[in-house]
Amino acid sequence: MQIVIRSVDVWLFRDGKPFTAGEDHIAESTFPPSPFTLQGAIRTRVLADKGVNLSEFACQRQPDPDVGYGDNFGKLRLCGPLLMRCKDGKWERLIPMPADVVKVDKRYELLRPNDLPFGTNLPDGLQLLWAQTGERLTEAKGWLPESEWERYLQDQPPSQAVLTEDLFTFEPRFGIAIDSTKGTTLETMLYQARFVRLKEGTALWAEVDGVSLSGKGFLRFGGEGRAATYEALPKPLPPLSQFNTARNATRFKIVLVTPAWFSGGWQPECGDWSKIFGSQVWLVAAAIPRPLLLGGFDVAKGVPKPMCVFVPAGAVYFFEAKEPVAFTDDFAFTETPNEVKQQNSNSNAWAQIGLGSVLIGVW
């Protein structure tokens with residue numbers, strides 16, 4: 001079931017950095033939220049619909065047959081969340097501008113791997129990404145709309161982008177810490193948090209499978225349990241795999257639309273990509289934005305979760321292979337830590353909840 005998630009008020013999606021009022025002054029936000037935020041909201045809603053006492057469930061630590069418990073995700077399958085907008089009465093998904101897109105004057109160009117007449121200190125013979133133009137390049141900002149995906153994945157520069165200020169704004173607000181035992185404010189414990197306010201016609205898209213979810217309702221979403229509404233899309237949008245132009249290719253690029261985690265930081269340990277593809281491929285080049293830090297909060301234990309480093313959405317990897325690589329519709333570009341694998345029957349459990357969703361194109 002595909003759903004559209006709308007805000008009731010502002011939202012707060014904290015980044016992975018620890019924050020304590022009085023010790024830190026600004027709580028930063030990331031947007032769109034990560035799949036971890038989505039899975040927490042959906043699992044809570046499913047349990048509430050089943051009449052489960054959430055406080056008792058958190059203390060008992062017994063997996064639910066549908067949504068599991070902790071790092072055991074049960075039967076839950078997610079894709080998203082992705083930003084979306086309503087244009088001309090129709091919903092359209094958006095992804096962060098891929099990192100291989102640059103701006104030249106008022107148009108967009110693509111960076112591509114190129115053999116250069118000089119040596120570099122890049123590891124494993126990786127190539128530099130190069131734009132074949134003598135004009136000045138600037139960073140391409142904004143969001144790539146769904147109407148441009150096919151063009152971009154066919155190795156053509158996009159013709160347009162959607163600006164952030166047309167979709168949402170960050171709204172700073174001040175607060176003061178509360179003594180939970182007395183219900184009173186704590187002196188000198190001021191802080192500032194950056195909330196997200198969506199513009200009219202902007203929402204989040206997600207796909208939920210494997211569990212029974214009512215057609216519409218409310219969600220506790222993000223920090224401070226802010227409210228959101230959701231409802232099933234009457235006309236589902238095409239699956240991401242439908243846009244892929246490199247289903248059986250020897251040269252292709254992977255574009256992350258949700259964050260991914262790898263045992264070697266930005267790649268599998270020792271650069272062994274066979275863990276991901278099941279066949280031998282070679283990484284030719286990569287365009288990777290600043291790492292994304294994600295953590296969270298363990299409600300049952302009452303402590304922050306360990307912070308992990310993720311490759312952010314918008315990262316682009318360029319590959320070559322001797323034999324054509326066949327991609328399945330559920331292909332995911334991420335690994336899962338061993339401690340999470342041990343709690344799941346699915347060896348790639350983080351892909352199960354939406355991490356590592358991709359678009360696949362040619363170059």
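These exercises work through sheets, backbone features and a pocket in a predicted model.

**Exercise 1. The seven-stranded sheet**

Task: Give the strand order of the open sheet of 7 strands, and name its edge strands.

Solution.
- Step 1. Read the order: β10-β4-β3-β13-β1-β15-β14. The pairing is antiparallel.
- Step 2. Find the edges. They are β10 and β14 (216-220), and each of them pairs on one side only.
- Step 3. Add the twist. From one strand to the next it averages 40 degrees.

For background, strands of a sheet pair through backbone hydrogen bonds, in either a parallel or an antiparallel way.

**Exercise 2. From β3 through β4 to β10**

Task: How many bridges join β3 to β4, and how many join β4 to β10?

Solution.
- Step 1. Take β3 and β4. They run antiparallel, with 5 bridges. One partner pair to locate is Met84 with Arg93 in β4.
- Step 2. Look at the connection. β3 and β4 make a hairpin, with 2 residues between the strands.
- Step 3. Move on to β10 (residues 143-145). Here 3 bridges join this strand to β4, and the two run antiparallel.
- Step 4. Place the partners. Ile95 is bridged to Leu144 of β10. Leu94 has Pro145 of β10 as its bridge partner.

**Exercise 3. The three-stranded sheet**

Task: Which strands form the open sheet of 3 strands, and which of them stand at the edges?

Solution.
- Step 1. The order is β6-β5-β9, with antiparallel pairing.
- Step 2. The edges are β6 and β9 (137-139). Each has a single partner strand, so one side of each has no neighbour in the sheet.
- Step 3. Neighbouring strands are turned by 50 degrees against each other on average, direction ignored.
- Step 4. Check one pairing in detail. β5 and β6 run antiparallel and are joined by 4 bridges. Val104 has Arg107 of β6 as its bridge partner.

**Exercise 4. Two aspartates with positive phi**

Task: Where do Asp88 and Asp105 lie, and are they buried or exposed?

Solution.
- Step 1. Start with Asp88. Its phi is near 55 degrees, positive in a residue other than glycine.
- Step 2. Place Asp88. This residue sits in the loop between β3 and β4, in the turn of the hairpin.
- Step 3. Classify Asp88. The cut-off for exposed is over 50% relative accessible area. Asp88 has 72% relative accessibility, so it counts as exposed.
- Step 4. Turn to Asp105. Phi is about 60 degrees, again positive although the residue is not a glycine.
- Step 5. Place Asp105. The loop between β5 and β6 (107-110) holds it.
- Step 6. Classify Asp105. With a relative accessible area of 62%, Asp105 is exposed.

**Exercise 5. Two cis peptide bonds**

Task: What is omega for the peptide bond from Phe31 to Pro32, and what is it for the bond from Gly80 to Pro81?

Solution.
- Step 1. From Phe31 to Pro32, omega is near 0 degrees, and the bond is cis.
- Step 2. Pro32 belongs to the loop between β2 (26-27) and α1 (35-49).
- Step 3. From Gly80 to Pro81, omega is near 5 degrees, and this bond is cis as well.
- Step 4. Pro81 is located in strand β3.

**Exercise 6. The second largest pocket**

Task: How many residues line the second largest pocket, and what is the lining made of by class?

Solution.
- Step 1. The volume is about 1,200 Å³.
- Step 2. Count the lining: 41 residues. Nearest the centre are Phe31, Pro96, Pro289, Pro312 and Ala313.
- Step 3. Sort by class: 26 nonpolar, 8 polar and 7 charged.
- Step 4. Trace the strands. β3 (77-87), β4 (90-96), β5 (101-104), β11 (168-179) and β18 (292-294) each supply at least two lining residues.
- Step 5. Link back to earlier exercises. Phe31, among the residues nearest the centre, also opens the cis bond to Pro32.

**Exercise 7. Cysteines**

Task: How many disulfides does the structure hold, and how exposed are Cys270 and Cys308?

Solution.
- Step 1. The structure has 0 disulfides. The cut-off for a pair is sulfur atoms within 2.5 Å.
- Step 2. Cys270 has 80% relative accessibility and therefore counts as exposed.
- Step 3. Cys308 has 23% relative accessibility, so this cysteine counts as partly exposed.

Methods:
Residues are numbered from 1 along each chain as its sequence is written. This is a predicted model: local features need pLDDT of at least 70, side-chain atom pairs count only at pLDDT 80 or more; totals for chains, interfaces and linings use all residues. Side-chain values use heavy atoms; hydrogens and water are left out. On a 1 Å grid over the protein atoms alone, a cavity is a set of points where a 1.4 Å probe fits but cannot get out, and a pocket is an open set with protein on both sides within 12 Å along at least five of seven lines; lining residues have an atom within 4 Å of a point. Grid points are joined across faces, edges and corners, and a volume is the space filled by probe spheres set on the points. Ala, Val, Leu, Ile, Met, Phe, Trp, Tyr, Cys and Pro count as nonpolar, Asp, Glu, Lys and Arg as charged, and the others, Gly among them, as polar. Buried means under 20% relative accessible area, exposed over 50%, partly exposed in between (1.4 Å probe, protein chains only). Two strands pair if DSSP finds at least two bridges between them. Axes are lines fitted to C-alpha atoms, for helices over the stretch in contact, and angles run from 0 to 180 degrees between N-to-C directions.
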